[in-house]
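Trainee: Before we discuss the terms used for this model, may I see the sequence and the structure?

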Amino acid sequence: MNISTTPALVVAPDDYSINTLMDLRTERTGDGPLIERRETPSAPWVQISANAFKAEVIAVARGLVAHGVGIGDRVGIMSRTRYEWTLIDFAIWSIGAVSVPIYETSSPDQAGWILADAGVTHLVVETQTHVGIIDAVRDELPELREVLVIDEGAIAQLLADGKAIDEADVLARRKAVIGSDLATIIYTSGSTGRPKGAELTHYNFVYVAQNAAAALPEMMDHAGARTLLFLPLAHVLARVIQTTVLSASTVMGHAPDVKNLVGDMQTFKPTFLLAVPRVFEKVYNSAEQKASASKIKRHIFYWAVRVTIAYSRAMDAEKMPLKLRLGHRIADRLVLAKLRAAMGGQITSAISGGAPLGERLGHFFRGLGVLVLDGYGLTETTAPAAVCLPQSFIVGSVGPAIPGTFIKIATDGEVLIKGPHVFRGYLGQPELTAEALVTDEDGTWFHSGDIGTLDNQGRLRITGRKKELIITAGGKNVAPAALEDRLRSHPLISQVVAVGDQRPFIGALLTLDAEMLPGWLATHDLPNLPISEARRHPAVLASLQRAVDRANRKVSRAEQIRKFEVLDSDFTEANGLLTPSMKVKKAEVKAKFTDVIDALYAG
């Protein structure tokens, strides 16, 4: 199969906007909770009804008008994921303006590029630190007229100033917004070159929100559905969730600081989460580390893991031996229930995006009682293009096309996508837009740059990036993603970059996880070593070699990693080797460590 589609479940009128979604939610559950928020990590969660949130959005929108924000003006938001981010975003949409998200970890150069390229006139930041970042490039931003600071009373100021604006004027602007209007410009994370501004319309979001809610009712659209947002709202995936909750019955909360995430989950008690694979890897690795405090606990933990994975595999086979069922009950009592409690005790499902979760962890979490649905999409497709569904779940697949979407595999293996959620183009870059959106006899397709396959049920598997294919000296084409994903499941490993283009074999650059290293060393009766020493320690290297050997068993000999090198530092945003959305900038890594790569192949 080289083309697959899923019929649309909901087709909204063309004039529907994100504001329409808000109106529909207040009509359905006006006085019911839409959001819960709290001022500090120790404060109680306070409910905000749909009606109350809408009223506050309109009041803030009046403030934006008072500050001179016009129809079509670009308003930037630079903040952690918090209630005010969502409030300001919806207020911008309410007056026909365009929101431009900026990662709060951005450097002056990164933030300046986005602000200048998008022509941002007003900017809302979280702290004075962010003001300092903008001040460093303010001379390069002639269109930027005002910077408001959330932590210094920006919301209160907007509410006060907005009283001078007739609410009827804002309501008229709000009603005039239609589906084809530009809603946001989201800049790609820039793993290669300057970030590009993807233009997404109101209808892009409306279509995804309504169809995602309809496709996943058991997750999002039932009484008691709750989700805690902690991914950056500057990323398209989190933005989609905050609009999708309007089309569902979900109550949403925000977790600004991932350091408090466990505590936030235990008090908020989400029923589903949105995360990237690294989060699930951390959950598993942390549990493994805690269990390694004693030999008995370690033995019980690994036994429970084996039973849990076997239990999930048996679910696929639809044959559950009695011994396995009993073993799973014991594992649940000894290990699994504690893990669920650490995540709030009510979580039953999650959506994982950004990269494949991996077969082992996929089975482990399903056996744990948390169905992790792998999804696939890009900024240009308003996040999801495909997602696993509970009724057709299979570990390793990112599922069928989301409703209303066509997916086609080109002759070179590239994944092509068509649907109402595909973006309208890159801001000010017609040549790049023409390269990405190509018309053939079947319509206009977005060329994703990813390589994948479709099974006979129309489920998509992503095998790698087109530009990341490694062609060895022997002519073997190797997609490195699968190997890299398997290795990252090791508790010591933070990042992996496979190398070997035009080389005789595949090698790898590894980085150690600074958070997990001390615990791992302690459980192996080793002193607490810095990364600079641990990367050369025989016990560490032996453990990493075993992980490489396990990963190699899943691929052909030509695809196997023959040698690896452990680097003396991790990839971070600060050193320019990691994007804000946690993607490795592989080209930069290979350029920076050319000497290390050459040494792998010396002799």
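**Terms set against their values**

Trainee: Why is R546 called partly exposed?

Mentor: R546 has a relative accessible area of 47%. Buried means under 20%, exposed over 50%, and partly exposed in between (1.4 Å probe, protein chains only), so R546 is partly exposed. This is a predicted model, in which local features need pLDDT of at least 70 and side-chain atom pairs pLDDT 80 or more, whereas totals for chains, interfaces and linings use all residues. Residues are numbered from 1 along each chain as its sequence is written, and side-chain values use heavy atoms, without hydrogens and water.

Trainee: Where is R546 placed, and which residues gather with R546 in a patch of positive charge?

Mentor: R546 belongs to helix α20, residues 538-552; helices (H or I, at least four residues) and strands (E, at least two) are DSSP runs, numbered from the N terminus. On the surface, R546 gathers with R360, R550 and R553 in a patch of positive charge. Such a patch joins like charges within 9 Å, from residues with over 30% relative accessible area and no salt bridge. The 47% of R546 therefore passes the area cut-off of over 30%.

Trainee: How many salt bridges does the structure hold, and what makes D23 and K54 one of these pairs?

Mentor: The structure holds 25 salt bridges. The term requires a side-chain nitrogen of Lys or Arg within 4 Å of a carboxyl oxygen of Asp or Glu. The side chains of D23 and K54 meet at 2.8 Å, N to O, so the pair satisfies that limit. D23 lies in helix α1 (residues 18-29) and K54 in helix α2 (residues 50-66), so the salt bridge ties together parts 31 residues apart in sequence. With a relative accessible area of 22%, D23 is partly exposed.

Trainee: What is the distance, N to O, between E126 and R82, and are these residues buried or exposed?

Mentor: Their side chains meet at 2.7 Å, N to O, in a salt bridge. This pair links distant parts of the chain, 44 residues apart: E126 sits in the loop between β6 (120-125) and α5 (128-135), and R82 in the loop between β4 (74-78) and α3 (83-94). E126 counts as buried because its relative accessibility is 1%, and R82 counts as buried because its relative accessibility is 14%.

Trainee: What makes E484 and K586 a link between distant parts of the chain?

Mentor: E484 is in helix α17 (residues 481-488) and K586 in helix α21 (residues 586-592), 102 residues apart. Their side chains form a salt bridge of 2.7 Å, N to O. E484 is buried, at 4% relative accessible area, and K586 counts as buried at 13%.

Trainee: Which residues do salt bridges that share partners join into one network?

Mentor: That network consists of R37, E39, R80, R82, E84, E126 and D151.

Trainee: How do you know that strand β25 is mostly covered?

Mentor: In β25 (residues 506-512), seven of the seven residues are buried. One side carries I506, A508, L510 and L512, the other G507, L509 and T511, and both faces are covered. In general, side chains of a regular strand alternate between the two faces of the sheet.

Trainee: What joins β24 and β26 to β25?

Mentor: Strands pair if DSSP finds at least two bridges between them. Strand β24 (residues 493-499) runs antiparallel to β25 with six bridges, so the two strands pair. Strand β26 (residues 561-566) is parallel to β25 over five bridges. L510 of β25 stands opposite V496 and also opposite V566 in β26.

Trainee: What is notable in phi between β24 and β25?

Mentor: This hairpin has six residues between the strands, and G500 takes a positive phi near 140°. Q502 is found in the same loop between β24 and β25, and its phi is near 60°, a positive value in a residue other than glycine. Q502 is exposed, because its relative accessible area is 55%.

Trainee: Where is D525 found, and why is D525 called exposed?

Mentor: D525 is found in the loop between α18 (517-523) and α19 (531-534). Its relative accessible area is 72%, so D525 is exposed. Although not a glycine, D525 has a positive phi of about 55°.

Definitions and conventions. Patch = residues over 30% accessible without salt bridge, like charges linked within 9 Å, V, L, I, M, F, W, Y side chains within 5 Å. Areas by Shrake-Rupley, 256 points an atom, 1.4 Å probe, with all protein chains shown as cover. Lys, Arg positive; Asp, Glu negative; His and termini not counted. Charge placed at Lys NZ, Arg CZ, Asp CG, Glu CD.
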